[in-house]
Every structure is written in C-alpha cells, then in structure tokens.
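Biologist: Got a minute to go through this one with me? Put it up on the screen and let's talk.

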Amino acid sequence: MTLEITPIDATLGATVRGVCLDALDDGTFAAIEAAWYAHAVLVFPGQHLSEEAQVAFSERFGPLERVVIKIHAQHNPAVIHLSNVKKDGTLWPANSETGLLLKGNNDWHTDSSFKRIPAKGSALTARIVPESGGDTAFADMRAAYDALDPAMQAWLADKIAVHSYAYSQGRVGGMTGLSEDEREALPPVQQPVIRTHPATGRRNLYIGRHASHIVGEDERESRRLLERLCEDACRPPRVFTHRWSVGDLVLWDNRCVLHRGLGYPADQPRHMVRTTIAGDSGVTSERVA
Ligand code: OGA
Ligand code: MN
C-alpha cells in the first residue's frame, strides 16, 4: 500500500488513503503527523477501527482526555459515544437530555475549550450514519486569522476570552443532562483569542461557541464581536463538510480548527465514537469568578 494524501478543495483538509490505521509503522505515522500539521484535518475513509484500535491510534499523538460528561460514556473512560441510540435500540428524542447535549455540537466549536487545558486533537469515527444529514463541517482558523484586517489582528493580539460550558450549553437548552459534580468540574476558564500553533508557528483564531466574552471588554459587545468573528471565519474557502460513511475516521486539530455537526432527522439513528487527544498547555491558569 502506498500512502496517498489528497488535499480537499478548501484551505484545510486532506483525504488519506493507502494506510491501515491499526497497523501503522513509525515512518507512516510520521508522514501522517506531518500531513496533519499541514492540512489540520485528515479524512481516512473506510478504516472500520475497533474502539481499542481508535484509542491506540489516537494515543500516538499523546495522552487522551477522559470523558467528563457521563451521559456520553460507555466502558472506556477515554472514549466518548455521541449517539442518539438507547441500549434497547430506540432513539433519544431531540428534546431529551442526551438530545440537547448532542445538539450543542451543531454550533461551531473546538473541543474542550471550556477546560483549562483544552484539547489538542480529536478523532471521530462513524458507527451508524443517518440516511440524510449528520455531516460534520470543519473551518480553518489559520486562514481565518490571515483574512482579518491588520488592525483587527493587532487589537485581538493580547485579548483573552472566557470560555464556559454553562454559557454555551445554556444557549441550546440547558445543562440538565449534567450532575452537580459535573457542573462544578467545568468552571469558566480563560483562553487567548489568538493562538500560535506550536508545531507550525502559524497564528490562528481560537473562538467558537464556548467563548462567552472578552476579559476587560463590555460583555455584550465583546460577545457580539466574537459571534461576528466566528460567522466571518466559517465561510468558504475556509470550510469543508464531510459526508460520513460507516467506518470513516476524521482527525482534526482542535488548536486551529472549528467544527460542527449539521443535524439530521430525529427519527434516524446516528452513533459516532470520539477519542480526544489532550492538550499540553493551559495558556493561563487563572479561573474567572
Ligand atoms: C465532536 C463533534 C460533531 C458531529 O465529535 O466533537 O462535535 O458531527 N461532533 O458529531
Ligand atoms: Mn466537538
């Protein structure tokens, strides 16, 4: 097999063929890691990895986060099940606790930006795909930064945003799916609005649905600004949408990419399995009251 990396028609993303992710030699892994830094999102069609193989592949990039929202957990504490299918095979309604937690993913976000040390990357595989919808979209925050006018780049350079799960999840119907302990484990945190990627040195915007407002600025106005930045950022040519087939794996870099689910009919099953590669630095350690 020969590794084949084909860029997607956007500023980010590439499709990778000619590799079995459950039998990776070090040389092939190095080529995949380099491609990941170049393209920020890699689509691996038809991998059909077991949960264990997905964990092993993800761990090559670093230690994995543990699931904090128990509703998404099954056996392995490092594996998140994003699924509307109950154990008995029937579906959770859209307005159930599970349905509302899943719905939150339909707004542009980067995984775990509401944690003090946010995620480095995520790997998502498709187990059950609805007949229509359920695609996932990705947006390039490197190119979005490059497209800002220099005055805005300069103004944002030292800005810090408050990221809060209570804020973002409150907007889509609340936190009722979370226990008191889970809520307490997720206090608001601070993240810089502009990050520099440790591997590539490229700057990027770091925003999304968990970003509530900018520290030291008017809360409502800075919230509006963050929303406008996000809207402008997530436009062509900086976006692409992946239509899933069962067995696909998509790996994205949470440090410089936003993503969102596109929704699907409530009477159709969808089951995705995610592993999350932990970040290695919290940029500020202060919590916000
Ligand atoms: C995720 C996520 C969106 C989707 O896995 O982190 O946001 O389409 N998924 O399931
Ligand atoms: Mn996500």
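Modeller: One term before we start: "buried" here means under 20% relative accessible area. And keep in mind that this is a predicted model.

Biologist: Fine. Which residues of α3 are buried, then?

Modeller: T98, G99, L100, L101, L102 and G104. That is 6 of the 8 residues in the helix, which spans 97-104, so by that under 20% cut-off α3 is mostly covered.

Biologist: And what covers them?

Modeller: The cover includes strand β4 (79-83) and helix α6 (165-171).

Biologist: Switching to the metal. Which protein atoms are the donors of the manganese ion, ligand 2?

Modeller: NE2 of H109, OD of D111 and NE2 of H259, at 2.1 to 2.2 Å from the ion. Along the chain, these donors are spaced as H-x1-D-x147-H.

Biologist: Are H109 and D111 buried or exposed?

Modeller: Both H109 and D111 are buried.

Biologist: OK, sheets. What is the strand order in the open one with 3 strands?

Modeller: β12-β6-β14, and the pairing is antiparallel. β12 (239-242) and β14 (257-261) each have a single partner strand, so they are the edges, and one side of each has no neighbour in the sheet. From one strand to the next, the twist averages 20°.

Biologist: How many bridges join β6 and β12?

Modeller: There are 4 bridges between β12 and β6, the strand at residues 136-140.

Biologist: And what does T136 partner with in β12?

Modeller: H242 is the bridge partner of T136 there.

How values were computed:
Residues are numbered from 1 along each chain as its sequence is written. Chains are lettered from A and ligands numbered from 1 in the order in which they are written. This is a predicted model: local features need pLDDT of at least 70, side-chain atom pairs count only at pLDDT 80 or more; totals for chains, interfaces and linings use all residues. Side-chain values use heavy atoms; hydrogens and water are left out. Two strands pair if DSSP finds at least two bridges between them. Helices (H or I, at least four residues) and strands (E, at least two) are DSSP runs, numbered from the N terminus. Axes are lines fitted to C-alpha atoms, for helices over the stretch in contact, and angles run from 0 to 180 degrees between N-to-C directions. Donors are N, O and S atoms within 2.8 Å of the metal (3.2 Å for Na, K and Ca); water is not among the atoms, so sites may look incomplete. Buried means under 20% relative accessible area, exposed over 50%, partly exposed in between (1.4 Å probe, protein chains only). Contact means heavy atoms within 4.5 Å.
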